[in-house]
Amino acid sequence: MALPWWQTGVVYQIYPRSFQDSDDDGVGDLAGIIGRLDHLSETLGVDALWLSPFYPSPMADFGYDVADYCDVDPLFGTLEDFDGMVEAAHARGLRVIVDWVPNHSSDQHPWFVESRSSRDNPRRDWYVWRDARSDGSPPNNWLSAFGGPAWTWDEATGQFYLHSFLAQQPDLNWRNPQVEAAMLDTLRFWLDRGVDGFRIDVAHFVGKDPEMRDNPPRTSTEGLFKPMAGYDSQVHLYDKGHPFAHDVFRKVRAVLDGYGGDRFAVGEIHESDWAKWAGYYGAASDELHMPFNFSLLYVPWDAAEIRRRVEALEAALPAGAWPNYVLGNHDEPRIATRFGPERARLAAMLLLTLRGTPTLYYGDEIAMPEVAIPRDLQNDPWALRVPDVPTRDGCRTPMQWAPGDGAGFTTAGVEPWLPFTPDLDTHNVAAQLSDQRSLLQLYRQLLRLRRSEPALHLGGFAARDDAPDGVLAYHRRAGDADFLVVLNLTDDGREATIPSAGAIELSTHLDHAGAAGARVALRPHEGMILRLTPGVGAGPAVP
Ligand code: NOJ
């Protein structure tokens, strides 16, 4: 049986504010995306696009504060534009995934406006309201991920409400069946409009301890994904990840399965305990199709450590579950800055040759760096509230399509909502398309090879034990096809043994291909994909 598109395909994330401006306001929009779909289908050859939120929103958290789950913010266009985008994407064979934000709405959502209007409003219980403790303090010690307590006092009605993020993002009460019904309906709204799936924002936050117990203090940094200042003072035992989330995801899955066409759900779940992480596939494969796997985002650039994490993922996967990898998104510093520009090519080869669905982040294909945004131009509410946290604005800057004023993103003379890189004139899609050895050309070739070779999009994974120090080597195999990927993660040259006769299919440096001998020389930061002819030629046994 053919595997579904979300297993064999590659997902490309678009941050709508920053992809293409079509109406000269310096902010990207849906019509702009339609005009750039060829970049996805023709230039790159990806299979699906994921759109970060485009819903009506006061933009306190750049759209992750949703004021209407079933409409489009005028900044981005209209529902008709959305329909046109889905139609245009589908006409190119591209699937469309939209962001779904179930944990919290905007405080401007009519549901919350009603809920906070009085204690006896029928929607009061749609959010999480609690009395103060006798000393006037919040009902428990839970913290907002964006700094300070997770509770805000509502003077008018004399209670606190819960917000795991900003005070403008009150948490919905998923234990109320009316909330569940209304939110599942929002899924149906977009499914009926033809979307192929959802990326579920902070998915595990919908599971909270019903007794709302205090979180215990944290005594070690083990298992932390990245530093989050004061939020790290606690183990987040009770404010997220409660098994109740599984009930919610089973219901989400049932909605998706009620539609034809392999509709898909991927959850944003930061969970360092592999067993708990794997639990989100569902005990009977009846929850999320995949929880995002972020384990390589901050991996030390070390072959042994990358291998350890890849094998840990493979070992954690429940039977039949499909892996995936993420190296960048709108919340994390750009790959080219996090790993360093000379490693961006290896990161591309790694991401596109591991076993599992890769998610690419717009702009990483041209190695857009983290752009330094002066404090007075910063927007990210998290960094503005918590000084120790780096701003997420730097990874959300407009796509650089072409040299010159506006960068092809917007009209010359229009101020983009965030600045371009200072080297825009040489660092853009057009420049990289005309350079046969650019990173963009490497992405194109990797994507083409991955698409045309079943071993690379659905084959097995086996790491080799005989790789030289600092080199990560693994096979991808399906049927008779056997590809060997060798990645030199060091600053020095290395020699890798080739276990059977083979040919270099692709080098990260894009400057040589052809027959390989029993050993292949790798330059610093070079990776190669070799096509092997199993059983031909000498070399150590394939593991
Ligand atoms: C995760 C999203 O990726 C991030 O951008 C957002 O700020 C938080 N969830 C809150 O919705």
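**Notebook: cysteines, cavities and selected residues**

**Entry 1. Cysteines.** I began with C70, which counts as partly exposed because its relative accessibility is 26%. The model I am reading is a predicted one. I then turned to C395, which has a relative accessibility of 1% and therefore counts as buried. The limit that decides C395 is 20%, since buried means a relative accessible area under that value. I also searched the whole structure for disulfides and recorded 0.

**Entry 2. Domains.** I looked up how the chain is divided. The assignment gives domain 1 as 11–105 + 174–328 + 355–427, domain 2 as 110–162, and domain 3 as 329–354 + 428–543. Domain 1 is thus written in three segments, and domain 3 in two. I noted the separation of domain 2 and domain 3 as well: their centres, taken over C-alpha atoms, are 52 Å apart.

**Entry 3. The largest cavity.** How many cavities of 30 Å³ or more does the model hold? I recorded 5. For the largest cavity I noted a volume of about 50 Å³. The residues that line the largest cavity are R464, D466, A467, P468, V471, A473, L484, V486, A496 and T497. I asked which strands each supply at least two of these residues. They are strand 13 (471–478), strand 14 (481–488) and strand 15 (494–497). Sorted by class, the lining of the largest cavity has 7 nonpolar, 2 charged and 1 polar residues.

**Entry 4. The second largest cavity.** I put the space in the second largest cavity at about 40 Å³. Its lining is made of L327, G328, I335, L351, T359, L360, Y361, D364 and Y443. Which element gives the largest share of this lining? I found that strand 11 (residues 357–361) does, with 3 residues. By class I counted 6 nonpolar, 2 polar and 1 charged residues in the lining of the second largest cavity. I then set this lining against the domains: domain 1 and domain 3 each contribute at least three residues to it.

**Entry 5. The second largest pocket.** I moved from cavities to a pocket. The second largest pocket has a volume of about 270 Å³. Of the 19 residues that line the second largest pocket, I listed W6, Q7, R253, S285 and H289 as the closest to its centre. Helix 1 (5–8) and helix 7 are the elements that give two or more residues to the lining of the second largest pocket. Helix 7 gives the most, with 3 residues. The class count for the lining of the second largest pocket is 11 nonpolar, 4 polar and 4 charged residues.

**Entry 6. Two positive phi values.** I looked up two residues that are not glycines yet have a positive phi. V202 has a phi of about 25°, and A229 has a phi of about 50°. I placed V202 in the loop between strand 7 (197–200) and helix 7 (244–257). A229 also sits in the loop between strand 7 and helix 7. Are V202 and A229 buried or partly exposed? V202 counts as buried because its relative accessible area is 7%. A229 has a relative accessibility of 28%, so I entered A229 as partly exposed.

**Entry 7. Q400.** I found Q400 in the loop between helix 12 (381–385) and helix 13 (429–433). Q400 has 0% relative accessibility and therefore counts as buried. Which residues does Q400 touch, not counting residues up to four places away in sequence? I listed I366, M368, A407, F420, T421, L424, H427, N428 and V429.

**Entry 8. L510.** I located L510 in the loop between strand 16 (502–507) and strand 17 (514–516). I entered L510 as buried because its relative accessible area is 15%. Leaving aside neighbours within four places in sequence, I recorded contacts of L510 with R345, Q436, R437, S438, Q441, L442 and Q445. I also checked L510 against Q108. The two are 402 residues apart along the chain, and their C-alpha atoms are separated by 51 Å.

Notes. Residues are numbered from 1 along each chain as its sequence is written. This is a predicted model: local features need pLDDT of at least 70, side-chain atom pairs count only at pLDDT 80 or more; totals for chains, interfaces and linings use all residues. Side-chain values use heavy atoms; hydrogens and water are left out. A disulfide is a pair of cysteine sulfur atoms within 2.5 Å. Buried means under 20% relative accessible area, exposed over 50%, partly exposed in between (1.4 Å probe, protein chains only). On a 1 Å grid over the protein atoms alone, a cavity is a set of points where a 1.4 Å probe fits but cannot get out, and a pocket is an open set with protein on both sides within 12 Å along at least five of seven lines; lining residues have an atom within 4 Å of a point. Grid points are joined across faces, edges and corners, and a volume is the space filled by probe spheres set on the points. Helices (H or I, at least four residues) and strands (E, at least two) are DSSP runs, numbered from the N terminus. Ala, Val, Leu, Ile, Met, Phe, Trp, Tyr, Cys and Pro count as nonpolar, Asp, Glu, Lys and Arg as charged, and the others, Gly among them, as polar. Domain bounds come from an automatic or database domain assignment. Contact means heavy atoms within 4.5 Å.
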